[in-house]
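Me: Could you take a close look at one part of this model for me? I'd like to follow a single strand and what surrounds it, with the geometry spelled out.

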Amino acid sequence: MSEPNIIRVIQKKPGMVNKPEVMDIEDTLEANQALVSPRGEPAVIERVYAPEFEEQRVEVFCNEEALFDSACTHNVQIGGNMLQGPIYFTTYDEEGDSLDLTDEQVEFVLAKLKTVVQSVF
C-alpha cells in the first residue's frame, strides 16, 4: 500500500479571531472530512461554487451542512453564500485530483479572504 499524498491547503475556521491557516495534510477522505467538521465527527464534504477563486484554479470545500447548519457560527461569504463552519481551499489537476497550493495561490487566497465578508459571530 502506498503512502498517502501530502498536500498544502488553507483552512479557515469560523470567527474573526480565527485567521486562515496554511497546513500540510494527508490527501485522504478522513483528513479532508476533519478539515470541515465543526464538531469533530466525520463530515460530508461539499465543493462550493466560488467564481472569485476560479482564475487561480482554487477550490473551496465545506461541510455539506455549511449553508444550513444554524448550530455553527458564520465564517465567510463566498460565491454568494454565507458559509457556516470550517472551510478549506485546495487546487486540482486535469483529472480533478487535489494538489498542493502553490505559493502564488496561497497569497491569492489569503488576499481574497481579507476582502470577503466575515461574520463576527
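Reply: Happy to; what follows starts from strand 7 and moves outward to its partners, the rings and the charged pairs.

Please keep in mind that this is a predicted model.

Let's begin with the strand itself. Strand 7 covers residues 87-92, and five of its six residues are buried. Strand 7 pairs with strand 1, strand 4 and strand 8. With strand 1 it runs antiparallel, and three bridges join the two; within that pairing, I10 has F89 as its bridge partner. With strand 4 the sense is again antiparallel, this time over five bridges, and C62 stands opposite I87 there. The pairing of strand 7 with strand 8 is antiparallel too and has two bridges, with T91 partnered by L99.

Strand 7 and strand 8 also make a hairpin, with five residues between them. In the turn, G96 has a positive phi of about 90 degrees, which may be a backbone angle you want to look up in your own viewer. As a general point, side chains in a regular strand alternate between the two faces of the sheet.

Now for the rings. A pair of aromatic rings is described by the distance of the centres and the angle of the planes. The whole structure contains three aromatic pairs. In one of them, the ring centres of F53 and F108 are 6.1 Å apart and the planes meet at 85 degrees; an angle over 60 counts as edge-to-face, so this pair falls in that class. F53 belongs to helix 2 and F108 to helix 3, and the two are 55 residues apart. Both F53 and F108 are buried.

Another pair involves strand 7 directly. F61 and Y88 are stacked, at 5.2 Å centre to centre with 20 degrees between the planes. F61 sits in strand 4 and Y88 in strand 7, so this contact ties together parts 27 residues apart in sequence. F61 is buried, as is Y88. The strand 4 and strand 7 pairing, with its five bridges, is thus accompanied by a stacked ring pair. Strand 7 residue F89 has a place in the ring picture as well: ring pairs link F53, F89 and F108 into a cluster. F89 is also the bridge partner of I10.

Next come the charged pairs around these elements. Side chains of opposite charge can pair when their charged atoms come close. Three salt bridges turn up in a search of the whole structure.

One of them involves strand 1, a partner of strand 7. R8 and D103 meet there, at 2.8 Å from N to O. R8 is in strand 1 (residues 6-12) and D103 in helix 3 (residues 103-115), so the bridge connects parts that are 95 residues apart in sequence. R8 is partly exposed, with a relative accessible area of 21%, while D103 is exposed at 51%.

Another salt bridge involves strand 4. E59 and R47 meet at 2.8 Å, N to O. E59 lies in strand 4 (residues 58-63) and R47 in strand 3 (residues 45-48), so parts 12 residues apart in sequence are tied together. E59 is buried at 11% relative accessible area, whereas R47 is partly exposed at 40%.

There is also a salt bridge at the hairpin. E94 pairs with R57, and their closest N and O atoms are 3.2 Å apart. E94 is in the loop between strand 7 and strand 8 (98-99), R57 is in the loop between helix 2 (51-54) and strand 4, and 37 residues separate them. E94 is exposed, with a relative accessible area of 68%, and R57 is partly exposed at 31%.

One residue of helix 3 brings several of these parts together. Q105 lies in helix 3 and is buried, with a relative accessible area of 7%. Setting aside neighbours within four places in sequence, Q105 is in contact with Q56, R57, V58, T91 and D100. Among these contacts, R57 is the salt-bridge partner of E94, and T91 is the bridge partner of L99 in strand 8.

Conventions
Residues are numbered from 1 along each chain as its sequence is written. This is a predicted model: local features need pLDDT of at least 70, side-chain atom pairs count only at pLDDT 80 or more; totals for chains, interfaces and linings use all residues. Side-chain values use heavy atoms; hydrogens and water are left out. A salt bridge is a side-chain nitrogen of Lys or Arg within 4 Å of a carboxyl oxygen of Asp or Glu. Helices (H or I, at least four residues) and strands (E, at least two) are DSSP runs, numbered from the N terminus. Buried means under 20% relative accessible area, exposed over 50%, partly exposed in between (1.4 Å probe, protein chains only). Two strands pair if DSSP finds at least two bridges between them. Contact means heavy atoms within 4.5 Å. Rings of Phe, Tyr and Trp (its six-membered ring) pair if their centres lie within 6.5 Å; planes under 30 degrees apart count as stacked, over 60 as edge-to-face and the rest as tilted.
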